[in-house]
Amino acid sequence: MTEFVVMTSGVLLILFLVVPMLAKLLDMSFQTQQMARYMAWERTVWYDNGDQPSETTEPGNDIAVRSDSAVDGSAQKRLLTFAATPEALSAGDVSGVPAGTQHALWRWSSGGQMLNGGGLAGGNLNPEKTPSVAYEVLDVYNEGMDLLTEPLTMIGVGGGADGNFLQIAHPQDNYFTPEVSASVNLANTGLESSALPASLNITASSAILADGWNAQGEHHFRSRADDFAIGTLMDNALVNAMISFIGVFEPSFRDVDFGYIGTDPIPEAETKCDFGFCYFDE
């Protein structure tokens, strides 16, 4: 009986408390890592409505925008809450974790909540410079074109409101490195308090390089694609004026369009090729 009492109080009771506590802390750690990954991915889906440099927001042109706080709140709502009955997620699911709705399974033996709070801790949900030698080459090219076109821009030829005269203005800030944390509530921990430090924060970080054809809607596709078509570099006031002048002597030259970007669906008709030129047989 003495051995049983010693084993129960000294070993089994501790195991019954510590093992579930460690399992819950590991689950909190996993969900924190998932939250970091979720935020990184969501920033590539939702454009920042803070008008960050090199981002395309353009409200009213099919661009989905959401602030950092909204992305943070959505991550908390989806990954730091749990109830016996799943909660329906709505389009405005950006409220974070309201009081009293923390994860129902993350509780100490005393019944107190283990989650004190969580969310974006550091890093950057705003786009960072894409780590690429190719973009460094683009920077050199764009700076060189700035010097060459500055005289033309000063006299009002070519520059325009966007300042992209003869520029390859494809967004170059497509690297995201958010860091999130979950704060463990150590108040009223019960018997587990002896196995824990004075303070406990679970942190996780992630990174994603979203450099690609991430376009939303036809207008956004045009703005993305035109910087990859070299002909669009010729779509400026100076070249258009030359086309109009030559068109006076040769009317067919007026139809020249260096900046055309086709976004119409490819027809289902068969293709026909004559003398090296292929076209759709209508």
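Start with the whole chain in view: among contacts between residues at least 6 apart in sequence, 68% join residues at least 24 apart. Keep in mind that this is a predicted model.

**The overall layout**

Colour by secondary structure. You should find 5 helices and 6 strands. Follow the chain from its start, and the order reads α-α-β-α-β-β-β-α-α-β-β. Now switch on the surface. The protein exposes about 17,100 Å², and carbon and sulfur atoms supply 60% of that area. Of the 282 residues, 32% count as buried.

**Stop 1: a nonpolar patch**

Select Met7, Val11, Leu12, Leu15, Phe16 and Val19. Together these residues make a nonpolar surface patch of about 540 Å². Zoom in on Met7, which is placed in helix H1. Met7 has a relative accessible area of 42%, so this residue is partly exposed.

**Stop 2: Arg43 and its surroundings**

Stay on helix H1, which covers residues 2–45, and select Arg43. Is Arg43 buried or exposed? Its relative accessible area is 2%, so Arg43 is buried. Next, show its surroundings. Leaving aside residues up to four places away in sequence, Arg43 touches Asp48, Arg66, Ser67, Asp68, Val71, Leu125 and Phe176.

Pick Asp68 from that list. The side chains of Asp68 and Arg43 meet in a salt bridge, at 2.6 Å from N to O. This pair links distant parts of the chain: Asp68 belongs to helix H2, Arg43 to helix H1, and 25 residues separate them. Asp68 is buried too, because its relative accessible area is 19% and the cut-off for buried is under 20%.

Now pick Arg66, another residue that Arg43 touches. Add Trp46 to the view. The charged end of Arg66 sits over the ring of Trp46, 3.9 Å from the ring centre.

**Stop 3: more salt bridges**

How many salt bridges does the structure hold? There are 4. You have met one of them, between Asp68 and Arg43.

For another, select Asp93 and Lys77. Their side chains meet in a salt bridge at 3.4 Å, N to O. Asp93 lies in the loop between H2 and E1, and Lys77 in helix H2, so the pair ties together parts that are 16 residues apart in sequence. Both Asp93 and Lys77 are buried.

Move on to Lys129 and Asp139. They form a salt bridge, with the closest N and O atoms 3.3 Å apart. Lys129 lies in the loop between E1 and helix H3 (133–154), while Asp139 is in helix H3, so this pair ties together parts 10 residues apart in sequence. Lys129 counts as partly exposed, at 46% relative accessibility. Asp139 also counts as partly exposed, at 23%.

Then add Arg78 to Lys77 and Asp93. Salt bridges that share partners join these three residues into one network.

**Stop 4: a loop residue**

Select Ser110, in the loop between helix H2 (68–79) and strand E1 (115–128). Ser110 counts as partly exposed, at 45% relative accessibility. Now select Asn188 as well. Ser110 and Asn188 are 78 residues apart in sequence, yet 6.8 Å apart in space, C-alpha to C-alpha.

**Stop 5: an aromatic pair**

Finish with the rings. The count comes to 1 aromatic pair. Select Phe245 and Phe249: their ring centres are 5.4 Å apart and their planes stand at 75°, so the pair is edge-to-face. Both residues lie in helix H5 (residues 237–249), 4 residues apart, about one turn of the helix. Phe245 is exposed, with a relative accessible area of 55%. Phe249 counts as exposed at 62%.

Definitions and conventions
Residues numbered from 1 in each chain as written. Predicted model: local features only at pLDDT ≥ 70, side-chain atom pairs only at ≥ 80, totals over all residues. Heavy atoms only, no water. Helix = DSSP H or I, 4+ residues; strand = E, 2+ residues; numbered from the N terminus. Buried < 20%, exposed > 50% of the residue type's maximum accessible area, 1.4 Å probe, protein only. Contact = heavy atoms within 4.5 Å. Phe/Tyr/Trp six-rings, centres within 6.5 Å; stacked < 30°, edge-to-face > 60°. Lys NZ or Arg CZ within 6 Å of the ring centre and 35° of its normal. Areas by Shrake-Rupley, 256 points an atom, 1.4 Å probe, with all protein chains shown as cover. Patch = residues over 30% accessible without salt bridge, like charges linked within 9 Å, V, L, I, M, F, W, Y side chains within 5 Å.
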